[in-house]
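Work through the exercises below with the sequence and the model side by side. Try each task before you read its solution.

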Amino acid sequence: MKFIIATIKPFKLEEVREALTDIGVRGMMVTEIKGFGSQSGHTEIYRGAEYAVNFVPKIKLEIVVSADMADQVIEAITKTARTGKIGDGKIFVLDAQQAIRVRTGETDGDAL
C-alpha cells in the first residue's frame, strides 16, 4: 500500500476529486493548510497599510491506495492540479505499513 500526500491549489480541489473518483479512489482526507515554498508568499494592502502574506492557502490531500494503483493516482493529481504556474503543489509517496477499518476490523487492502 502507498500513502500519497499531495498539496494543491484550493480552486483545483473539486476537479482533482472528480479525477480521482473516476479512476476508482474510494476515499481521501482533505485539510485546508497554509504553507510556502518557491511561491514564498506575497504582499497585500489592507486599509492603506502594506503587509506581507508569508503563508499561502493550500489544500492537503491524504490518500492510501494499493501499490499498483499509486502511479495512476499520481498521474491523475499531476494532470488535474497543474496550472503551469508557480505554487501548483507537491506530491509525496510513502509506504503504508498497515490499514485497519475501525468499524469492521478489516485490514490492509480490505480496509481501503
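**Exercise 1.** Find the residue of strand 5 that A6 stands opposite.

*Solution.* Begin at A6 and cross to strand 5, where L61 is the residue that stands opposite; strands here are DSSP runs of E with at least two residues, and helices are runs of H or I with at least four, both numbered from the N terminus. Next, take the pairing as a whole: strand 1 and strand 5 are antiparallel and share seven bridges, where pairing requires that DSSP finds at least two bridges between two strands. Then turn to strand 6 (residues 90–95), which runs antiparallel to strand 1 and is joined to it by six bridges, with I4 opposite V93.

This is a predicted model, in which local features need pLDDT of at least 70 and side-chain atom pairs count only at pLDDT 80 or more, while totals for chains, interfaces and linings use all residues. Residues are numbered from 1 along each chain as its sequence is written, and side-chain values use heavy atoms, with hydrogens and water left out.

**Exercise 2.** Determine which residues of helix 1 are buried, and where they lie around the axis.

*Solution.* First, list the buried residues of helix 1 (under 20% relative accessible area, with a 1.4 Å probe and protein chains only), namely V16, A19 and L20. They lie on the same side of helix 1, because they cover an arc of only 95 degrees around the axis, taken from the directions from the helix axis to the C-beta atoms. Finally, see what they pack against: strand 1, strand 5 and helix 2, where contact means heavy atoms within 4.5 Å.

Note on methods
Buried < 20%, exposed > 50% of the residue type's maximum accessible area, 1.4 Å probe, protein only.
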